[in-house]
Amino acid sequence: MTTDPVADLLTRIRNANLAKHATTDVPASKLKAAVLDVLKREGYIADYSKIKAGPQGVLRVTLKYGFGGEKALKHIERISTPGCRIYRGVKDLGRVLDGLGIQILSTPKGLKSDKEAKKANVGGEVLARVW
């Protein structure tokens, strides 16, 4: 059992990306699926699917690479941890890498990227930063 499932998800994606694997498997949960939805909408992963295996199932994440094996996902890091929660209002959301990256936020309207949160005019807990 992990104490921080989001950090576990991000670490598994980061490690598979560094090793240039095509896919990686993660234990399934609704929160992890929502994080993967945001990553897919923003173009950082190719796809993901739920596989029935064991009591909770597995999420198979298909990583995305460009021409010549160039990684679509250069950097992924956890910001808010269970021991230190980081919250930002909509006016306090800064740009990541001058607009080339995103922040994943847990808002009252669900998990959103910082761009989607600004359009919906909501803030929330900053889960991760990606570019």
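These are my notebook entries on a predicted model of one protein chain.

**Entry 1: the whole chain**

I began with the secondary structure, and I counted three helices and eight strands in the chain. Following the sequence from its start, I read the pattern α-β-α-β-β-β-β-β-β-α-β. I then looked up the radius of gyration, which is 15 Å and lies close to the 14 Å that the globule rule gives for 131 residues, so the chain is as compact as a globular protein of that length. Along the principal axes, the C-alpha atoms fill a box of roughly 40 × 40 × 25 Å.

For the surface, I noted an accessible area of about 7,400 Å², with 53% of it belonging to carbon and sulfur atoms, while buried residues make up 37% of the 131 residues. I also checked how far along the sequence the contacts reach: among contacts with a separation of 6 or more, 59% are between residues 24 or more positions apart.

**Entry 2: helix 2**

I turned next to helix 2, residues 30–41, and tested its length. At 1.5 Å a residue, its twelve residues should span 16 Å, and since the end C-alpha atoms are 16 Å apart, the expectation and the model agree. Which residues of this helix are buried? I listed K32, A33, V35, L36, V38 and L39. I kept in mind that an α-helix has 3.6 residues a turn, so residues three or four places apart point the same way. Just after helix 2, I found G43 with a positive phi of about 90°.

**Entry 3: the nonpolar cores**

I wanted to know where L36 and L39 belong, and I found both in the largest nonpolar core, which has 26 residues; together with I104 and V130, they touch the most other members. At least two residues of this core come from each of helix 1 (5–18), helix 2, strand 2 (45–51), strand 3 (58–63), strand 6 (102–107) and strand 8 (124–130). Apart from this core lies another, of five residues, including L93, L105, V122 and V126.

Leaving aside residues up to four places away in sequence, I noted that L36 touches L9, I13, I45, Y48, L59 and V61.

**Entry 4: N17 in helix 1**

I looked up N17, which is found in helix 1. Is N17 buried or exposed? Its relative accessibility is 5%, and because buried means under 20%, N17 counts as buried. Residues up to four places away in sequence being set aside, N17 touches L63, Y65, K71 and L73.

**Entry 5: strands 1 and 3**

In strand 1, residues 23–27, I separated two faces: T24 and V26 form the covered one, whereas T23, D25 and P27 form the uncovered one. I then asked how strand 1 and strand 3 pair, and the sense is antiparallel, over five bridges. One residue I traced across this pairing was P27, whose bridge partner in strand 3 is V58.

I closed with R60, which also has its place in strand 3. At 34% relative accessibility, R60 counts as partly exposed. Not counting residues up to four places away in sequence, R60 touches T23, T24, D25, D47, Y48, S49 and I51. I recalled that T23 and D25 lie on the uncovered face of strand 1, and T24 on the covered one. As a last check on distance, I compared R60 with V122, which is 62 residues apart from it along the chain, and their C-alpha atoms are separated by 30 Å.

Technical notes. Residues numbered from 1 in each chain as written. Predicted model: local features only at pLDDT ≥ 70, side-chain atom pairs only at ≥ 80, totals over all residues. Heavy atoms only, no water. Helix = DSSP H or I, 4+ residues; strand = E, 2+ residues; numbered from the N terminus. Expected span 1.5 Å × (residues − 1). Buried < 20%, exposed > 50% of the residue type's maximum accessible area, 1.4 Å probe, protein only. Core = buried A, V, L, I, M, F, W, Y, C linked by side-chain atoms within 4.5 Å. Contact = heavy atoms within 4.5 Å. Rg over C-alpha atoms; globule rule 2.2 N^0.38 Å. Areas by Shrake-Rupley, 256 points an atom, 1.4 Å probe, with all protein chains shown as cover. Pairing = 2+ DSSP bridges.
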